[in-house]
Amino acid sequence: HVQASSAELLSIIDGLQLAILDAGGKSVAPAQVEIAKLLDAIAANTKARLSEKQLSLVVDVPAKIGSFAADEARVRQVLENLVANAALHSPRGETIGLSVERRQSALLFHVSDRGPGIPKDVQERLFQNLETLPIDSTHRGAGLGLSLVRSAMKLQGGDVMIDSEPNRGTVVTCVFPLTPPDTKNAPTNPT
């Protein structure tokens, strides 16, 4: 009963956060985010949820990955949401991956699982508000998690992509630009 009530409250909170993001009520507050510390914090914050299904989280952070300018609370929210989602769809005892790579103009965070996978025709619908799709028979949430992820990513000038096929698992990639959105979109030749 406590778990069901907690899940319902989290769903309500997700809905409120999504409404705020969609209404433009929150802005990005970029600061330098230490990537290794961020991923350590995410691992610590999701440990209890993962232990419920005897899941392990493997974090892959290249040496000297450094930092980047972003809203740390939003980045953490996005990645924790994706790890929690991977946990929901992973078989007991499996491994979830959380990794990061630096490219010339962006940081890519990957969350991978070995769950049932997602058919191509379903993937885009996962980002729609209140869309719950029967990917597996063990979970049916409120349909707000991935909508929140996409809204938070757009707010930071980034994007989110899914690579998945049935029976192959899923990799969700979040692309954070290395140039914060407020400076990236500034006009170069004002008229």
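Leaving aside neighbours within four places in sequence, which residues is Gly-66 in contact with? In this predicted model, the list reads Val-33, Glu-34, Ile-35 and Arg-102. Around that spot there's an open sheet of five strands, a pair of helices, α2 and α3, packed against each other, and a nonpolar core of 36 residues. Here's the rundown.

**Gly-66 and its surroundings**
- Gly-66 sits in the loop between β2 and β3 (67-70).
- Because its relative accessibility is 32%, and partly exposed covers the range between 20% and 50%, Gly-66 counts as partly exposed.
- Glu-34, one of its contacts, is 32 residues away in sequence, yet the C-alpha atoms of Gly-66 and Glu-34 are 6.1 Å apart.

**The sheet**
- Reading across, the strand order is β2-β4-β5-β7-β6, with mixed pairing.
- β2 (56-60) and β6 (159-164) are the edges, so to speak: each pairs on one side only.
- On average, neighbouring strands here are turned by 15 degrees against each other, if you ignore direction.
- β5 (residues 106-113) and β7 (residues 170-177) run antiparallel and share eight bridges.
- If you want a register mark, take Val-111, whose bridge partner in β7 is Val-172.

**Helices on the sheet**
- α2 (residues 35-51) lies across β2, β4 (95-102) and β5, and runs at about 165 degrees to β4.
- α3 (residues 72-89) lies across β2, β4, β5 and β7, at about 20 degrees to β5.

**How α2 meets α3**
- The two helices pack at about 35 degrees, with axes 10 Å apart, and α2 passes α3 in a right-handed crossing.
- On the α2 side, the contact includes Leu-38, Ile-42, Thr-46 and Leu-50, while the α3 side includes Val-75, Leu-79, Val-83 and Ala-87.
- By residue class, this contact splits into 10 nonpolar, two polar and four charged.

**The core**
- The largest nonpolar core holds 36 residues, and Phe-68 and Phe-109 have the most contacts inside it.
- At least two residues each come from α2, β3, α3, β4, β5, α5 (145-155), β6 and β7.
- α3 is the top contributor, giving seven residues.
- Not counting residues up to four places away in sequence, Phe-68 touches Ala-31, Gln-32, Val-33, Ile-35, Val-75, Leu-107, Phe-109, Phe-176 and Leu-178.
- Val-33 and Ile-35 turn up in the contacts of Phe-68 and also in those of Gly-66.

Conventions
Residues numbered from 1 in each chain as written. Predicted model: local features only at pLDDT ≥ 70, side-chain atom pairs only at ≥ 80, totals over all residues. Heavy atoms only, no water. Pairing = 2+ DSSP bridges. Helix = DSSP H or I, 4+ residues; strand = E, 2+ residues; numbered from the N terminus. Axes fitted to C-alpha atoms, helices over the stretch in contact; angles between N-to-C directions. Contact = heavy atoms within 4.5 Å. Buried < 20%, exposed > 50% of the residue type's maximum accessible area, 1.4 Å probe, protein only. Left-handed = near helix turned anticlockwise from the far one by under 90°. Nonpolar A, V, L, I, M, F, W, Y, C, P; charged D, E, K, R; others polar. Core = buried A, V, L, I, M, F, W, Y, C linked by side-chain atoms within 4.5 Å.
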